[in-house]
Amino acid sequence: MNFPIAKRIADLRPSDIRLMTRECERLGGINLGQGLGDLPAPPEVRDGAIKAIQDGRNTYTPSEGVTPLRLAIAEKLRRDNGLTVDPEQEIVISNGTTGAFAATLTALLNPGDGILLLEPYYGYHLNTILLQGLEPQFLTLNPPEFDLDEAALNAAVRPNTRAMVLCTPANPSGKMFSATELAIVERVAERHNLLIISDEIYEYITYDGRQHVSPASVGRLGERTVSIMGFSKTFSITGWRLGYAVAEASLASAINLVNDLLYVCAPSPLQYGVAAGLEVPPEYFQHLRSEYQRKRDIICEGLNDAGLTPLVPQGAYYVLASIAHLGFADARSAAISLLEQTGVASVPGSAFYQSGAGESLIRFCFAKDDATLREAVARLRKFRS
Ligand code: PLP
């Protein structure tokens, strides 16, 4: 049938992550391109969901999510994020962080509004922004520190800019914003009356004793921040599709209206599983951190040995490596060549930048079991020789 696709998706293309995954499968390689997180889910989470199914919790839930989960999240926000929120009115459970982000954009911004992204950015953020007919605007943060500069941030705001996306710890850079940098965000956001949308899906995956700082906990930022958090990475349940938005009541109610229309509710028994999971002892989170830190160190050492200089991440489970000195025409040819020579798939840095800065970087995901990671590193080491 000769039927034109919708204009709103005409410019969207499948990401290089998919391209590299396809190539990797064709060549039977090890895929360090995509982030899946294949640690086992905690038994509390698994058993909580099984029990909920056995108890017949199979029907729609309120669009904002079941009460036990919202209560558990409010307690977690108090304990771990320094946020005091009303579980009745300020939390909306959605279909993953992705669902919460889409519902937030739809509920709070209008087509044509400008929204600022810090690059390197997470591709879904950009594409969801484009899907909504918003105008993405960019500020490049520079390696190795990816520090936020107040003058540069002020200069990046345009007359139509209404919001800014933060991601901390960030995918793909692993950058964690400090309280000082978030105070800059507060000043700029107040000056230009911006909404802050803060994706904190990697909040528990932090390294070298660094503390995650939730933007909403800094100064008066809470008033204008939608915190987007989720369970995919924390409990290694990317396929369960559970995340949530936290915002002041009038914003949360608008997000909930859209959440209802888009998803009706998040999967009912899985909400109970995750509510049980939030009662895991603190050692669970320590173990998660130390496991990923060990994996980070394995890959960074391997990358160094291979002559692919790693930009050691502060959090999340990706590492960008510099290929500037290797003489490739662009990041995609470097990633393809690496895959062909070593059988290890990465993602070209261009997938995370509008500017050309990504052409000298490739990204690896190290959320893999140890045997796979060690095999990948052994293969990467041969790249140099
Ligand atoms: N946000 C970031 C920054 C991510 O890296 C990812 C997954 O890779 C997601 C959101 C997806 O989260 P969810 O599974 O909760 O939709």
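The following exercises, each with a worked solution, concern the predicted model shown above.

Residues are numbered from 1 along each chain as its sequence is written, and side-chain values use heavy atoms, with hydrogens and water left out. In this predicted model, local features need pLDDT of at least 70 and side-chain atom pairs count only at pLDDT 80 or more, while totals for chains, interfaces and linings use all residues.

**Exercise 1. The nonpolar cores**

Determine where the largest nonpolar core lies and which residues have the most contacts inside it.

Solution. A nonpolar core is a set of buried Ala, Val, Leu, Ile, Met, Phe, Trp, Tyr and Cys residues joined through side-chain atoms within 4.5 Å; buried means under 20% relative accessible area, with a 1.4 Å probe and protein chains only.

- Step 1: The largest such core has 71 residues, and F231, L308, Y317 and F364 have the most contacts inside it.
- Step 2: Helix α10 (residues 282-305) supplies the largest share, eight residues; helices (H or I, at least four residues) and strands (E, at least two) are DSSP runs numbered from the N terminus.
- Step 3: Because domain 1 (10-41 + 283-380) and domain 2 (43-277) both contribute residues, this core lies between them. The domain bounds come from an automatic or database domain assignment.
- Step 4: A second, separate core has 29 residues, among them L139, V157, M164 and L361.

**Exercise 2. The four-stranded sheet**

Establish the strand order of the open sheet and identify its edges.

Solution. Two strands pair if DSSP finds at least two bridges between them.

- Step 1: The order is β9-β10-β13-β12, with antiparallel pairing.
- Step 2: β9 (309-311) and β12 (347-348) each have a single partner strand and stand at the edges, so one side of each lacks a neighbour in the sheet.
- Step 3: Strands β10 (residues 318-322) and β13 (residues 361-365) are joined by five bridges, and A321 stands opposite I362 in β13.

**Exercise 3. Strand β6**

State whether the residues of β6 are buried or exposed, and describe its pairing with β5.

Solution.

- Step 1: Five of the five residues of β6 (residues 195-199) are buried.
- Step 2: L195, I197 and D199 point one way, and I196 and S198 the other way.
- Step 3: β5 (residues 161-167) pairs with β6 in the parallel sense over five bridges; L195 is the bridge partner of A163.

**Exercise 4. The ligand surroundings**

Identify the closest residues to the ligand and the side chains in polar contact with its oxygen atoms.

Solution. A residue counts as near the ligand if one of its heavy atoms lies within 4 Å of it.

- Step 1: Of the 13 residues surrounding the ligand, the closest are T97, T98, D199, S232 and R241.
- Step 2: An oxygen atom of the ligand is 2.6 Å from a side-chain N or O atom of S232. For K233, the corresponding distance is 2.8 Å, and for R241 it is 2.6 Å. Here a polar contact is a pair of N or O atoms within 3.5 Å.

Methods:
Buried < 20%, exposed > 50% of the residue type's maximum accessible area, 1.4 Å probe, protein only. Polar contact = N/O pair within 3.5 Å; in protein donor to acceptor, adjacent residues only side chain to side chain.
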